[in-house]
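Colleague: Please take me through this one feature by feature, giving each cut-off where it first matters.

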Amino acid sequence: MLIYFKGNGFSACFYFSSPPGTLGHGQQGLMEPLHHGLSPEVVEAYLSANFQRLDVVPRTAMALGVPVRWTEAWAAVDATPDERGFLQMMRDLEIGDGYTIPCYGPNGHDGYVGIGKMTESARTDENALREMHLAAQAAHLRICEFMSSGQVGDRPLSMREREVLDWVARGKSNSVIAEILGISAGTVDTYLRRIYDKLNVTDRTSAAVRGIGMGLIAA
């Protein structure tokens with residue numbers, strides 16, 4: 001998903017979703033976010049700032065059902081003092097502008113994708129936004145499918161297995177992963193077979209998607 005959004009002129013993205021059956025986005029309603037392209041300082045500041053109450057953009061996007069530009073969403077509301085303080089904090093962190101894209105799934109398993117760090121050539125026309133919305137929705141439904149079809153349960157991935165899975169998700173071959181981790185390609189293959197077994201999948205793409213959906217690796 002990151003590669004796709006980068007191709008459209010956005011070098012940062014994050015994904016939040018609610019567990020199936022929670023129906024809504026209350027303070028306890030979102031799972032641990034997946035993110036890429038944002039500094040640890042920005043992520044920590046956002047997560048610790050009661051963002052689900054103070055960030056008006058996600059709830060605006062979820063209500064409207066369309067991608068919403070951050071600056072336009074804030075300009076359209078009469079923000080409270082606390083909300084204005086949150087917005088100023090984001091500006092101080094130079095988070096810039098972007099879009100929040102709503103995603104809807106079965107049994108209240110909804111979520112949203114944020115894309116930011118816009119380049120000058122970022123595609124923001126109506127057709128591009130519609131295309132990115134469809135892509136985000138398709139990815140969300142795929143993650144919902146994998147999350148509902150099984151969990152790791154009492155067979156969690158080891159730290160090394162998660163490392164291998166992370167590099168698989170980045171499109172690296174077994175030989176390249178072996179070189180990065182300082183192990184043999186055969187050992188990487190062994191780890192990968194264990195990962196397939198634990199995640200109940202049979203190929204690299206499915207393993208990466210399920211790993212992302214379960215929060216084992218970043219998107």
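Colleague: Does C13 count as buried or exposed, and at what relative accessibility?

Modeller: This is a predicted model, in which local features need pLDDT of at least 70 and side-chain atom pairs count only at pLDDT 80 or more, while totals for chains, interfaces and linings use all residues. Residues are numbered from 1 along each chain as its sequence is written, and side-chain values use heavy atoms, with hydrogens and water left out. Buried means under 20% relative accessible area, exposed means over 50%, and partly exposed is what lies in between, with a 1.4 Å probe and protein chains only. C13 therefore counts as buried, its relative accessibility being 4%.

Colleague: Which residue in β2 is the bridge partner of C13?

Modeller: Helices (H or I, at least four residues) and strands (E, at least two) are DSSP runs numbered from the N terminus, and two strands pair if DSSP finds at least two bridges between them. Strand β1 (residues 10-17) and strand β2 (residues 34-36) pair in the antiparallel sense over three bridges. In β2, L34 is the bridge partner of Y15, whereas the partner of C13 is H36.

Colleague: Why is β1 largely enclosed by the rest of the structure?

Modeller: Besides pairing with β2, β1 pairs in the antiparallel sense with strand β5 (residues 111-118) over seven bridges, and there A12 has G116 as its bridge partner. β1 is largely enclosed because, of its eight residues, the number that are buried is seven.

Colleague: In what order do the strands form the open sheet, and which are the edge strands?

Modeller: Five strands take part, in the order β2-β1-β5-β4-β3, and the pairing is antiparallel. The strands that each pair on one side only, and hence form the edges by the pairing rule of at least two bridges, are β2 and β3 (68-69).

Colleague: At about what angle to β4 does α4 run?

Modeller: In helix α4 (residues 56-64), the buried residues are V56, V57, P58, A61 and M62. At the N-terminal end, D55 acts as a cap, with a side-chain oxygen 3.1 Å from the backbone nitrogen of V57, and α4 is followed by G65, which has a positive phi near 80 degrees. Axes are lines fitted to C-alpha atoms, for helices over the stretch in contact (contact meaning heavy atoms within 4.5 Å), and angles run from 0 to 180 degrees between N-to-C directions. The helix α4 lies across β3, β4 (98-103) and β5, and its angle to β4 is about 50 degrees.

Colleague: Which residues does I101 touch, not counting those up to four places away in sequence?

Modeller: I101 lies in strand β4 and counts as buried because its relative accessibility is 1%. One of its contacts, V113, is 12 residues away in sequence and 5.0 Å away in space, C-alpha to C-alpha. The full list for I101 is F5, P67, G111, Y112, V113, I115, M132, H133 and A136.

Colleague: Why is the sulfur of C103 without a bond to the closest cysteine sulfur, and how far away is that sulfur?

Modeller: A disulfide is a pair of cysteine sulfur atoms within 2.5 Å, and a search of the whole structure finds zero of them. C103 is buried, with a relative accessible area of 0%. The closest cysteine sulfur is in C144, too far for a bond because the distance is 8.8 Å.

Colleague: Are the axes of α8 and α10 roughly parallel or roughly perpendicular to each other?

Modeller: The axes of helix α8 (residues 159-169) and helix α10 (residues 185-199) come within 9 Å and cross at roughly 95 degrees. Residues of α8 in this meeting include V164, L165 and V168, and those of α10 include Y191, L192 and I195. Angles under 35 degrees count as roughly parallel, over 145 as roughly antiparallel, 65 to 115 as roughly perpendicular and the rest as oblique. The two helices α8 and α10 are therefore roughly perpendicular.

Colleague: Where is E94 found, given its positive phi of about 55 degrees?

Modeller: Most residues other than glycine have a negative phi. E94 is not a glycine, yet its phi is positive, and E94 counts as exposed because its relative accessibility is 72%. Its place is the loop between α6 (81-92) and β4.

Technical notes. Polar contact = N/O pair within 3.5 Å; in protein donor to acceptor, adjacent residues only side chain to side chain.
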